[in-house]
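Here are my notes, set out as numbered points so that you can follow them with the model open. I hope they are a pleasant companion on a first pass through the fold.

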Amino acid sequence: VDVSNEANMERMQMVRELPRLCYMLSNVLVYVDDSNPAVHTNYMNILEFAQHAVRQVRSACPPSLIIVYNKCMSDALYDVDEATRAYAALHDPSGELFNMFHEVRCMCVPTNLKEPDYELYLRQIDVLKREIIRLLEDQVHMRTHFNTLYSRRKWCDIVALVVDSVDDPEFTLTQHEVGQFSTTHGGAELVHKAVGFFRMIYNPGHERVGSHYAGCLEAAARVLGTLVVADDYE
């Protein structure tokens, strides 16, 4: 078996399907770019990512999006509200990108190599953390309102469903179907589901052999199971 070629094929598959996985399974997406916020080509790249993300998603609670421009110059817009308004007016006046997400925020982070940018860098990192926390709290309220705030245990089943079918061109998923699946399969044995999850990521379409792989798979599944159970009892 050509391990390097096999690994590269799996990596390309994940890159191709990552946007849709992110959209279906995330509350907040953070898109980091190190180019000039004024360059429209970069907006088109983000828009393409978003369009891939919503492909064949018929209905779902949309995640929030934070666009982070890294290594910005000193004259960049460092106020998040101001940067978001400027970004929308310059690149997305029709709302094509913003309408795909629950909320979109844009912020700039300077280089941290020299003063006084270092202090500004630390301040902006703190702002980013607070933005993520606020958006996560908003997502909890929204999902509670729509009765789609699932437990970690149910999310193991939902992740398995999505990952298993993500490369199927006919696969579509609605929020109702997710709810039905999680209700039906909510009592599934956790370690078994976790093993299935790792097999779908690292072993798609064929059997691998070897005690090392089997041991890694079991260890990863048990760690995931332990963390999920611990979280449920916190």
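1. A word on what we are looking at: this is a predicted model. Please read each point below with that in mind.

2. Let's begin with the sheet. It is open and built from three strands, in the order β1-β2-β3, with parallel pairing. The edge positions belong to β1 (28-33) and β3 (104-110); each has a single partner strand, so one side of each is left without a neighbour in the sheet. On average, and ignoring direction, neighbouring strands here are turned by 20° against each other.

3. Now the pairings one by one. Six bridges hold β1 and β2 together in the parallel sense, and within this pair V28 stands opposite S64. β2 and β3 also run parallel, joined by six bridges. If you want a place to look in that second pair, I67 has C106 as its bridge partner in β3.

4. Two helices that pack on the sheet deserve a look. Helix α2 (residues 40-53) packs there by touching β1 and β2, and its direction makes about 150° with that of β1. Helix α4 (residues 117-145) packs on the sheet too, touching β1, β2 and β3, with an angle of about 160° between its direction and that of β3.

5. Staying with α4, its 29 residues reach 42 Å from first C-alpha to last, close to the 42 Å expected at 1.5 Å a residue. The buried residues in α4 are D117, L120, Q124, V127, L128, E131, L135, Q139, M142 and R143. What lies over them? The cover includes β1, β2, α3 (80-91) and β3. Just after the helix, N147 takes a positive phi of about 60°, which you may like to check on a Ramachandran plot.

6. How much of β3 is buried? Seven of its seven residues are, so to describe the strand as mostly covered is fair. Both faces are involved: V104, C106, C108 and P110 are buried on one side, and R105, M107 and V109 on the other.

7. One of these β3 residues is an arginine worth a closer look. R105 lies in strand β3 and has a relative accessibility of 11%, so it counts as buried, the limit being under 20%. Which side chain does the side chain of R105 meet in a polar contact? That of E131, at 3.1 Å; E131 is itself among the buried residues of α4. Leaving out residues up to four places away in sequence, R105 touches L65, I66, I67, V80, D81, T84, E131, R134 and L135.

8. A second polar contact involves strand β2 (residues 64-72), where S64 is found. S64 has a relative accessible area of 0% and is therefore buried. Its side chain is joined to that of Q139 by a polar contact of 3.2 Å, and Q139 is another of the buried residues of α4. Beyond its neighbours within four places in sequence, S64 is in contact with N27, V28, L29, F101, H102, E103, L135 and Q139. V28 in this list is the residue that stands opposite S64 in the sheet.

9. On to the cysteines: how many disulfides does the model contain? The count comes to zero. For C106, the nearest cysteine sulfur is that of C108, 5.7 Å away, and C106 is in no disulfide. C106 is buried, at 2% relative accessibility. C108 is in no disulfide either; its nearest cysteine sulfur, that of C72, is 3.9 Å away. Because a disulfide requires the two sulfur atoms to be within 2.5 Å, this distance does not qualify. C108 is also buried, with a relative accessible area of 4%.

10. Finally, a proline inside a helix. P19 lies in helix α1 (residues 3-25). Is P19 buried or exposed? With a relative accessible area of 7%, P19 is buried. Its contacts, leaving aside neighbours within four places in sequence, are F49, H52 and A53. As for R55, 36 residues separate it from P19 in sequence, while their C-alpha atoms are 9.1 Å apart in space.

Notes:
Residues are numbered from 1 along each chain as its sequence is written. This is a predicted model: local features need pLDDT of at least 70, side-chain atom pairs count only at pLDDT 80 or more; totals for chains, interfaces and linings use all residues. Side-chain values use heavy atoms; hydrogens and water are left out. Helices (H or I, at least four residues) and strands (E, at least two) are DSSP runs, numbered from the N terminus. Buried means under 20% relative accessible area, exposed over 50%, partly exposed in between (1.4 Å probe, protein chains only). Contact means heavy atoms within 4.5 Å. A polar contact is a pair of N or O atoms within 3.5 Å; within protein, one must be able to donate a hydrogen and the other to accept it, and residues adjacent in sequence count only if both atoms are side-chain atoms. Two strands pair if DSSP finds at least two bridges between them. Axes are lines fitted to C-alpha atoms, for helices over the stretch in contact, and angles run from 0 to 180 degrees between N-to-C directions. The expected span of a helix is 1.5 Å times one less than its number of residues.
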